[in-house]
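Dear colleague,

Please find below the structure that I am handing over to you. My notes on what was found in it follow directly after.

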Amino acid sequence: MVIDMFKFNKYIAGIAITAIASISLTACNGSENSGARDNNVDISTDAEFLEFPNGFLWGSATSAYQVEGAWDVGGRGYTNWDLYTQQLNMANGETGNVAIDQYHRYKDDIKLMAEAGLKSYRFSIAWSRIYPTGMPFVTDELGQPVLDSSGNLQPIPPNAEGVAHYSDLIDELIKNDIEPVVTLFHWDIPVGLWAAGSFNNRFVVDMFAAYSEAVFRNYGDRVSKWITMNEPFVNATMIEGIMAVMMEEMAAGGETSLDAMMAMMKDLPLQRLYGLQMSYIHHYLLAHARAVEIQRNLEASGDIIEGDIGISFDLGVAKPVSDSDADKQATALYNALKNDWFVFPITRGYYPAEPLARLRADGYDFNFSEQVLADDLAYIVEQGLDFTGVNYYTRVAVSADVTDGDFGGNASPMNGNLWDAAYVHYVTEYPNSENGIYDPQGFYETLMYIDNEIGGKPVLITENGGGYRVEDKLTNDGKVHDTLRTRFIKGHIKATWQAINDGANVIGYTAWSLFDNFEWFNGYNGRFGMIYIDYENDLKRYPKDSYYWYADTIEKNGVDND
Ligand code: PNW
């Protein structure tokens, strides 16, 4: 299958993928919407300063593929994202081959973190550095298991160089009083596991469990905050579900010409897409539960220190475009699939009824039996989580039919039939911004939603930040005056304060990101960092104004109430 992909005309494939991706979420630089909107949260005090609880975990986040580079160094295996960027032109010809070279420059980068006073650094481990092929046992040159004389798999130790790299990184963080927050899966998977169906294939859940165990055993003596999965929704619906359909088409011997690709896209097999997406999501949740169980067992046997394990969801409470009952109902359906679908299995042991019924009425079924599904859900709720990670950037508005309401933006049904009942409006605030609309009020509502749903367990904000490349211009004296990013982060920190004030158990705020880095579909054209990277000049780092503002916030443990 992979060989077929390699034959692909890179340019053509790039257009194709962009086109499919935009089906899921239609972005629009709505001219009627450009400029600032005041969606700020009303703060319930006149105090001049909003102080945070002692020990509040101020941090910043990255992920392996987006910052590390060194794609063929240290025994790292080839991954899906190497394939997407090197062969399929997913990011306009840009790749994470070098990225911001954090693999080699992590000591300097940690210095910048320490100078900002960061209390935590959330990074992800590249699975392909720990088990380069994804297989934790001996395989032959075809990638097939080599059994011992009794017919058993022969376990192999994880890749020593990969293990050593993160061990050094973790030590360096701890030396600088920065708490490592480790994500196990931030979308990059060894290509062999990807080609075998990735998380659509239940076998991959077992491979993930083995990988997780290796990570816990190697770093669990020092790490006490774990995140199993990053944003199952975005990865399943916008990336892997779509890629899987393409893979199936190509495996079925379909033509790989531009015409064939475009025809395939116009006629996207939605039932199959649903099936794949829901299967991916289910297996992500199952993999999460497996990792939780393993971590808890190792903790109980004293093999690792006591820690907390959670999952990062891209949650967002949408709002209706109007007060009509129809728009409100559509919004409830959207929220059920966007939020409850991920949270309920873990908190209640079932998928939310309405989207499930609609999916079934549409002819979609899980690709395993009712009994397996029921057993899985019982297992997932039993394992649960210690905290929920929340990633939030913007919010969408929802309408019952294709009207713009007063929100603006193109209305797009999300992934076909189900979403004919709920049209999604996504608006970007500024032309050339990677951000959706600035909406701290939506953040506040999202924090209150998740706090309520997980019944007081901690919430860790694992991502929030602004992609405003439009403003990121390096001045002659090495400064970047990024007022929009500072405004964004400050508005959301204020919303966080209000949520805490109203009873939400939020334990930390993690800004995305400390550094400009490889932004999946946008490549290096996306800039979310509080530190500017000069891609033209040896990746030199320049702290932006927002970096100094954030350092000041951390030092004071709060923000001005203005
Ligand atoms: C998150 N969307 O991804 C990821 O966790 C990060 O790796 C990423 O860099 C960051 O947000 C900024 O984009 C998303 O289109 C990617 O809705 C796309 C979307 C949302 C989140």
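In this predicted model, a polar side-chain atom of Glu-231 lies 3.2 Å from an oxygen atom of the ligand. Two further glutamates make contacts of this kind: for Glu-463 the distance from a polar side-chain atom to a ligand oxygen is 2.8 Å, and for Glu-519 it is 2.5 Å. The ligand is surrounded by 15 residues, and the closest are Gln-66, Asn-230, Glu-463, Glu-519 and Trp-520.

As to confidence, the average pLDDT of the protein is 87, and 85% of the residues score at least 70. Residues 1–36 stand apart from this, as pLDDT stays under 50 over that segment. The model nevertheless has 81 contacts beyond four places in sequence for residues 1–36. Where pLDDT is low, predicted coordinates should not be read in detail.

The protein has 18 helices and 16 strands. Of its 562 residues, 60% are buried. Among contacts between residues at least 6 apart in sequence, 79% join residues at least 24 apart.

Two helices deserve a description. The first is H4, residues 80–87, which is largely enclosed by the rest of the structure, because eight of its eight residues are buried. These are Asn-80, Trp-81, Asp-82, Leu-83, Tyr-84, Thr-85, Gln-86 and Gln-87. The N-terminal end of H4 is capped by Thr-79, which has a side-chain oxygen 3.2 Å from the backbone nitrogen of Trp-81. Just after the helix, Asn-89 adopts a positive phi of about 55°. Asn-92, in the loop between H4 and helix H5 (102–116), also has a positive phi, near 55°. With a relative accessibility of 60%, Asn-92 counts as exposed.

The second is H18, which comprises twelve residues, 545–556. From its first C-alpha to its last it reaches 17 Å, close to the 16 Å expected at 1.5 Å a residue. Its buried residues are Ser-546, Tyr-547, Tyr-550, Ala-551, Thr-553 and Ile-554. Viewed down the axis of H18, these buried residues fall within an arc of 160°, so they line one face of the helix.

What follows H18 in the chain? Asn-557 comes just after the helix, with a positive phi of about 60°, and lies in the loop between H18 and strand S16 (558–560). The relative accessible area of Asn-557 is 14%, so the residue is buried. Its side chain reaches the backbone oxygen of Phe-52 at 2.8 Å and makes a polar contact with the side chain of Trp-58 at 2.9 Å. Leaving aside neighbours within four places in sequence, Asn-557 is in contact with Phe-49, Leu-50, Glu-51, Phe-52, Pro-53, Asn-54, Phe-56 and Trp-58.

Several features lie in and around strand S14. Tyr-532 is placed in this strand, which spans residues 531–534, and counts as buried at 10% relative accessibility. Tyr-532 and Lys-473 are 59 residues apart in sequence, yet their C-alpha atoms are 8.9 Å apart in space. Not counting residues up to four places away in sequence, Tyr-532 touches Asp-472, Leu-474, Val-480, Asp-516, Arg-527, Lys-540, Arg-541, Tyr-542 and Lys-544. In the loop between strand S13 (506–512) and S14 one finds Ser-513, which is joined to Trp-512 by a cis peptide bond with omega of about 5°. On the other loop of S14, the one between S14 and strand S15 (540–543), is Asp-538. Phi of Asp-538 is near 55°, a positive value in a residue other than glycine, and Asp-538 is exposed, with a relative accessible area of 58%.

Finally, I draw your attention to Thr-446 in helix H16, residues 440–453. Is Thr-446 buried or exposed? Thr-446 has a relative accessible area of 0% and is therefore buried. A polar atom of its side chain lies 2.7 Å from the backbone oxygen of Gly-442. Beyond residues up to four places away in sequence, Thr-446 touches Leu-315, Gly-316, Val-317, Val-390 and Tyr-392.

With kind regards

Definitions and conventions. Residues are numbered from 1 along each chain as its sequence is written. This is a predicted model: local features need pLDDT of at least 70, side-chain atom pairs count only at pLDDT 80 or more; totals for chains, interfaces and linings use all residues. Side-chain values use heavy atoms; hydrogens and water are left out. Helices (H or I, at least four residues) and strands (E, at least two) are DSSP runs, numbered from the N terminus. The expected span of a helix is 1.5 Å times one less than its number of residues. Buried means under 20% relative accessible area, exposed over 50%, partly exposed in between (1.4 Å probe, protein chains only). The arc is that of the directions from the helix axis to the C-beta atoms. pLDDT is the predictor's confidence in each residue, from 0 to 100. Contact means heavy atoms within 4.5 Å. A residue is near a molecule or strand if one of its heavy atoms lies within 4 Å of it. A polar contact is a pair of N or O atoms within 3.5 Å; within protein, one must be able to donate a hydrogen and the other to accept it, and residues adjacent in sequence count only if both atoms are side-chain atoms.
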